[in-house]
Amino acid sequence: MIHLITEVSRLTFIIIFAIFTYDCFAALRVERHGRDSKRLYRRQTAMIYLFLINGNLLLFLNTNEPKIFVMMAAEIVFTAIAMIIYKKIYESASKAVVNNMCMLLSIGFIMLTRLDQPKALRQLLFACLALIITCFIPLFLGNVRLIKSLKLFYIGAGILLLGIVAVIGKTTYGSKINISIGGIAIQPSEFVKVLMVLFIACMLYQDSSWKQVMKTLLLCCILILILAISKDLGNAMIFFLTMIVMIYAASQNALYMLSGAGLFAVASVIGYYAFSHVRVRVLAWKDPLSVVNGAGYQISQSLFAIGTGGWFGVGLYQGMPKRIPVVTTDFIFSAISEELGGLFALCLIFICIANFLMFFNIALTIKNRFYKIIAIGLGALYASQVFTTLGGVTKFIPSTGVTLPLVSYGGSSLLATMLIFAMIEGLYEYRGEKEDINESETRYEEKKRAGGARQ
């Protein structure tokens, strides 16, 4: 009986997720306040709840553990509260972005419960903490002058945090990526990404001259160099790609983009010869089966899992995703592909793409140049992390050890990503219109005082 229900659930998972994915792209073209958009968002919300109910019922049938129902109730309550909070705090924000965030979190909850129940519970607690923290984002974004005045703090704090990790950080799979405080592992680079975005926006929103760009580039490269020394090359690549996109967005100079591509190629070659850690990962990427008992074991198991799942998956608890090392963090996409299927995995990729498009659409609607650059930077940051993660698990690029935003296990990653989503919603809510007026009034008063002084 359980086997029959599992077989049916494979299709229901895909149908629910396919409907949600279609609505993601439909949301890009419907009127925000029209009747069609309200119907679309209600359908998306229904799909999220159906996904949670369907997934948790299947988890219970395979485990017979009553606490699964407690988890299901907690996840449903969390999702409902998240939607209410975003609706009240960000009244004019994008509901599609909130729905996408909740759906990706729901996928993470279900898969983590399947793989490691204690981690699933911690992930839910991390999400609750992140939701509380994001309630204060509008207060921060509402004071644009304060944000602009902290540019030295952003870069200074970033260098300090990454420097601490480089010196006393814990080495995991050859990289120093986190520090332990009170038994809790914290990955500062997840938060430094956001600090870097704010710093670049502060540096370039008024002046994007060659001299100013070089200053910005030099200071940001210090962050990237520290990550390289720590052998955290996945995050180093994310930092670099985000930086180049933001510099181009601020300057509109294609030469910076081309120069960045050349610099990235040179840095990749240097990294290959400078770090044995990189050479091992490149070898595992080029021919994982030749070193399947060593460096290639992880990526080989990932590819086996993706191939085994086929289009429709083998069903929850019918696969062997635990054979993949660190499957709950770096390789959760492989577990999803194996048990929920290739079609489900493709829909997941499409939702990530839809998020990226929504972020940039929001950036285009923002009038204030400073806010616009921040929004573009956050969009580039999100897209870079998704590309780096999916590229690594599918052997498109060497494995980088980066988590899939909102889906993989990890408190630092989850908190940082929810901050990004909240900031995007906050930027869209404010649009910079109020600040533009304030700045205009300030300039008028300064000119008036200067004229009085001359008289």
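**Exercise 1. Find which residues Leu105 touches, leaving out residues up to four places away in sequence, and say whether Leu105 is buried or exposed.**

Step 1. Start with contacts, meaning heavy atoms within 4.5 Å. On that basis Leu105 touches Phe78, Leu406, Leu414 and Met418, once residues up to four places away in sequence are set aside.

Step 2. Keep the ground rules in mind: this is a predicted model, where local features need pLDDT of at least 70, side-chain atom pairs count only at pLDDT 80 or more, and totals for chains, interfaces and linings use all residues. Residues are numbered from 1 along each chain as its sequence is written, and side-chain values use heavy atoms, with hydrogens and water left out.

Step 3. Place Leu105 in helix α4 (residues 95-115); helices are DSSP runs of H or I with at least four residues, numbered from the N terminus.

Step 4. Check accessibility: Leu105 has a relative accessibility of 1% and counts as buried. Buried means under 20% relative accessible area, exposed over 50%, and partly exposed in between, with a 1.4 Å probe and protein chains only.

Step 5. For a longer view, take Leu348, which is 243 residues from Leu105 along the chain; their C-alpha atoms are separated by 12 Å.

**Exercise 2. Describe the surroundings of Asn355.**

Step 1. Asn355 sits in helix α16 (residues 342-365).

Step 2. Its relative accessible area is 0%, so Asn355 is buried.

Step 3. Not counting residues up to four places away in sequence, Asn355 touches Asn100, Leu104, Tyr382 and Phe421.

**Exercise 3. Work out which parts of the chain the salt bridge of Arg114 and Glu339 ties together.**

Step 1. Recall the cut-off: a salt bridge is a side-chain nitrogen of Lys or Arg within 4 Å of a carboxyl oxygen of Asp or Glu. The general idea is friendly enough: side chains of opposite charge can pair when their charged atoms come close.

Step 2. A search of the whole structure finds four salt bridges. In one of them, the side chains of Arg114 and Glu339 meet at 2.8 Å, N to O.

Step 3. Arg114 lies in helix α4 and Glu339 in helix α15 (residues 332-340), so the pair ties together parts 225 residues apart in sequence.

Step 4. Arg114 is buried at 9% relative accessible area, and Glu339 is buried at 1%.

**Exercise 4. Compare the accessibility of the partners in the salt bridge of Arg43 with Asp23.**

Step 1. The closest N and O atoms of Arg43 and Asp23 are 2.8 Å apart.

Step 2. The pair links distant parts of the chain, with Arg43 in helix α2 and Asp23 in helix α1 (residues 2-26), 20 residues apart.

Step 3. Arg43 counts as partly exposed at 34% relative accessibility, while Asp23 is buried at 0%.

**Exercise 5. Which helix gives the most to the largest nonpolar core?**

Step 1. A nonpolar core is a set of buried Ala, Val, Leu, Ile, Met, Phe, Trp, Tyr and Cys residues joined through side-chain atoms within 4.5 Å.

Step 2. The largest one has 134 residues, and those with the most contacts inside it are Ile107, Met243, Phe344, Ile374 and Met418.

Step 3. Helix α4 gives the most to this core, with 14 residues.

Step 4. Zoom in on Met243: not counting residues up to four places away in sequence, Met243 touches Met196, Ile200, Leu217, Cys220, Cys221 and Ile224.

Notes
Helices (H or I, at least four residues) and strands (E, at least two) are DSSP runs, numbered from the N terminus.
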